[in-house]
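Reader: Hey, got a minute to walk me through this one? I'd like to poke at the geometry a bit.
Author: Sure, pull it up and ask away.

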Amino acid sequence: MIDYLTLTVVMIGATALLLPLLQVIKGRSENLPGYVLAVVLAASMVLLGLFTLNPSSVSWAGSLLIPDQLGGIFALVTVGVTLAVTVASFDFEKSTSNPVYYSLLAFTALGMVLLAYSEDLLMLFVAWELMSLPTYVLAGFDKKLRSNEASVKYAIIGAMSSAVILYAISLAYGLTGSTQISVVAMRFAALLSTSSQSTALASVSILLFVAGFGFKMSIVPFHMWIPDAYEGAPTTISTILAAATKKAGFIAAIRVLLAITTFYALTHSPLFTLANVFAVLAVLTMTVGNISALTQKSMTRLLAYSSIAQAGYMLIGFVAFSNAPGSAAASLGLTGTVFHVLNHAVMKGVAFLAAALVLLQLRRADLGAYDGLGKRMPITAFTLAVAFLGLAGVPPLSGFWSKLLLVLSVAYGPYGWVALVAILNSAFSLGYYAWIIKRMYIDEGESPEKVKEPIWFVVVFAVMVGLIIGIGLFPQQVINFVSGAVNSFAG
Amino acid sequence: MNSLGDFVIVSAMLFGIGVYGLVTKRNALRLLFAVELMINAANLNFVAFGQYLPFEGGAQTAAPNALGQTFVLFSIALAAAEAAVILAIVVVAYRLHKDVDVSELKSMEG
């Protein structure tokens with residue numbers, strides 16, 4: 001009996017390969033490739049859901065893949081975002097309706113599913129590239145000035161981050177003779193007790209991992225490409241970058257860095273520990289993201305900086321975990337990170353898609369286009385308002401609960417200051433979120449006429465707003481499930 | 001040149017040259033060269049470690065560790081794919097700008 005994960009991988013992979021052929025057989029029919037991909041991705045979500053509830057071993061993968069629930073959550077989130085983007089693209093990419101666009105989306109989704117389950121650095125690297133390469137092309141899909149500029153910057157920075165990860169893997173392999181993550185982590189721990197030279201090399205390897213993953217996770221100071229890439233790329237692709245590939249960066253970091261933390265402190269010195277590194281990065285990322293977001297004049301750029309700030313909140317879980325691996329706070333922190341990844345994917349995804357619809361219908365991306373939007377596009381404006389309140393962490397929306405978990409996980413330890421900075425940042429970020437909501441509902445727009453809101457966009461908005469409010473009202477079940485997955489990973 | 005340390009030092013130098021190129025150069029093709037240097041530095045590491053660190057599963061074995069050589073084959077193939085994609089993007093940039101200088105790419109600021 002073939003397992004569901006294999007079935008999913010084969011299904012998405014075959015779709016990705018065969019979609020361009022569809023054009024040859026059927027001629028250039030409008031949106032057909034998109035419909036096919038949406039059906040396939042929806043079916044994959046069902047299969048992945050079944051697989052996550054009841055993980056079984058994957059026989060062909062050996063030790064390359066680890067079919068645990070943590071990977072399942074990330075696979076579901078990333079495929080879900082890809083599905084939302086595909087459905088939104090029915091209207092957004094209607095003018096081109098190029099099957100290659102949907103084929104590349106499928107390849108990215110496949111890379112993210114494999115990455116979520118990777119347990120070997122070789123598999124992780126191949127999946128990382130499979131996820132990244134199609135997004136370089138997609139970012140430049142418009143072949144216009146800005147889109148191309150975004151894709152040049154993104155592709156070069158992305159290639160550099162892969163090179164850095166590759167170098168880190170080569171050092172880890174040289175020191176341990178293995179590429180299996182659990183073995184690498186165990187032998188790194190053994191190194192600490194022996195020669196100091198290898199310890200230094202191991203620290204270099206770990207820091208290179210932090211930098212390489214940090215580029216995808218949009219951690220300050222590795223964030224400089226984010227605003228340009230998100231603004232220039234087609235907005236549907238910015239959604240993929242912010243809500244899906246970034247989350248895939250997080251699962252890679254959780255798998256590699258947190259496995260190593262369990263056994264390893266960077267050096268014998270109490271100051272230079274992995275927990276301190278993460279704490280400094282988290283505080284920098286939150287603060288820089290929020291302050292830069294405040295002065296933006298374009299919606300996609302504002303969302304890009306807010307996405308950087310949210311990555312800072314997610315890093316808090318890493319601080320709690322690497323500070324005291326195995327403790328209750330560690331488990332709480334990682335639960336908070338995974339829960340916030342899930343919530344942020346929904347909230348940021350829907351916010352970017354709303355921005356995509358405004359761009360599509362009004363041909364404008366600057367904040368002036370949002371004046372009086374509450375009267376012109378009521379559904380879009382409501383969606384944006386809910387997403388923004390969720391991102392700011394207003395109860396009882398889903399973003400509040402995950403931020404609460406993250407803050408609680410570090411509040412009562414040596415990293416209480418990180419919790420304090422997170423709370424201050426959260427309050428500060430409400431400044432620009434509430435300002436946009438005010439512009440949409442109170443300010444007068446330049447013309448009061450109604451604008452059409454296409455049905456597929458409305459469907460996506462309804463589902464995702466439902467998730468934000470639903471998880472916010474009933475967080476207990478989701479938190480229990482996530483913490484179960486985290487405990488089986490960490491324990 | 002026949003000890004592991006020499007290979008690691010050469011590889012570290014290659015990596016350093018790559019980083020230097022990325023920081024100082026402004027031509028998109030040169031940036032691609034720099035990235036390729038970094039990737040090949042890692043490849044050199046893999047081959048050298050595979051040859052000189054013959055242990056698998058913790059026990060010393062006579063044969064070289066084949067994992068490093070395997071990894072290099074994957075990474076060369078992926079580097080080729082990456083170069084193809086980036087060159088295609090740079091070709092489009094050249095058509096739009098008649099130049100491949102990345103410091104010219106600043107239509108978005110803020």
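Author: Let's start with chain B, which has three helices and two strands; helices (H or I, at least four residues) and strands (E, at least two) are DSSP runs, numbered from the N terminus. Before we go on, this is a predicted model, where local features need pLDDT of at least 70, side-chain atom pairs count only at pLDDT 80 or more, and totals for chains, interfaces and linings use all residues. Residues are numbered from 1 along each chain as its sequence is written, while chains are lettered from A and ligands numbered from 1 in the order in which they are written.

Reader: OK, and in what order do the elements of chain B run?
Author: Going from the N terminus, the order is α-α-β-β-α.

Reader: How much of chain B is buried?
Author: Of its 110 residues, 34% are buried. Buried means that 20 or more other C-beta atoms lie within 10 Å of the residue's own, exposed means 12 or fewer, and partly exposed is in between, with C-beta atoms placed from the backbone.

Reader: What about contacts in chain B between residues at least 6 apart in sequence?
Author: Among those, 48% join residues at least 24 apart. Two residues are in contact if their C-beta atoms, placed from the backbone, lie within 7 Å.

Reader: Switching to the interface: how many residues does each chain put into the contact?
Author: Chain A gives 35 residues and chain B gives 36. On the chain A side, helix 5 (121-139), helix 6 (145-176) and helix 9 (226-232) each supply at least two residues. The largest share there, 18 residues, comes from helix 6 of chain A.

Reader: What's the class breakdown on that side of chain A?
Author: It has 16 nonpolar, 10 polar and nine charged residues. Ala, Val, Leu, Ile, Met, Phe, Trp, Tyr, Cys and Pro count as nonpolar, Asp, Glu, Lys and Arg as charged, and the others, Gly among them, as polar.

Reader: And the largest nonpolar core, which residues have the most contacts inside it?
Author: Those are A:Leu115, A:Tyr167 and A:Val319, in a core of 224 residues. A nonpolar core here is a set of buried Ala, Val, Leu, Ile, Met, Phe, Trp, Tyr and Cys residues joined through C-beta atoms within 7 Å. Helix 13 of chain A supplies the largest share of this core, 20 residues.

Reader: What is A:Tyr167 in contact with, leaving aside its neighbours within four places in sequence?
Author: A:Leu208, plus B:Phe15, B:Met38, B:Ala41 and B:Ala42.

Reader: Back to helix 13 of chain A. At what angle does helix 10 of chain A pack with it?
Author: About 170 degrees, with the axes 7 Å apart; helix 10 covers residues 235-261 and helix 13 covers residues 328-362. Axes are lines fitted to C-alpha atoms, for helices over the stretch in contact, and angles run from 0 to 180 degrees between N-to-C directions.

Reader: Parallel or antiparallel, then?
Author: Helix 10 and helix 13 of chain A are therefore roughly antiparallel. Angles under 35 degrees count as roughly parallel, over 145 as roughly antiparallel, 65 to 115 as roughly perpendicular and the rest as oblique. The residues of that contact split into 11 nonpolar, five polar and two charged.

Reader: How about helix 4 of chain A against helix 10 of chain A?
Author: Helix 4 (residues 99-117) and helix 10 of chain A have axes that come within 9 Å and cross at roughly 25 degrees, so the two are roughly parallel. By class, their contact has eight nonpolar, two polar and no charged residues.

Reader: Now the odd backbone spots. Where are the cis peptide bonds?
Author: One joins A:Val220 and A:Pro221, with omega about 10 degrees, and another joins A:Pro395 and A:Pro396, with omega about 5 degrees. A:Pro221 sits in the loop between helix 8 (196-217) and helix 9 of chain A. A:Pro396 is in the loop between helix 15 (378-392) and helix 16 (398-411) of chain A.

Reader: Which residues other than glycine have a positive phi?
Author: A:Arg363 is one of them, at about 60 degrees, and B:Lys98 has a phi near 55 degrees. A:Arg363 lies in the loop between helix 13 and helix 14 (373-376) of chain A, and B:Lys98 in the segment after helix 3 (66-97) of chain B.

Reader: Is A:Arg363 buried or exposed?
Author: A:Arg363 counts as exposed because it has 8 C-beta neighbours inside 10 Å. B:Lys98 counts as exposed too, with 8 C-beta neighbours inside 10 Å.
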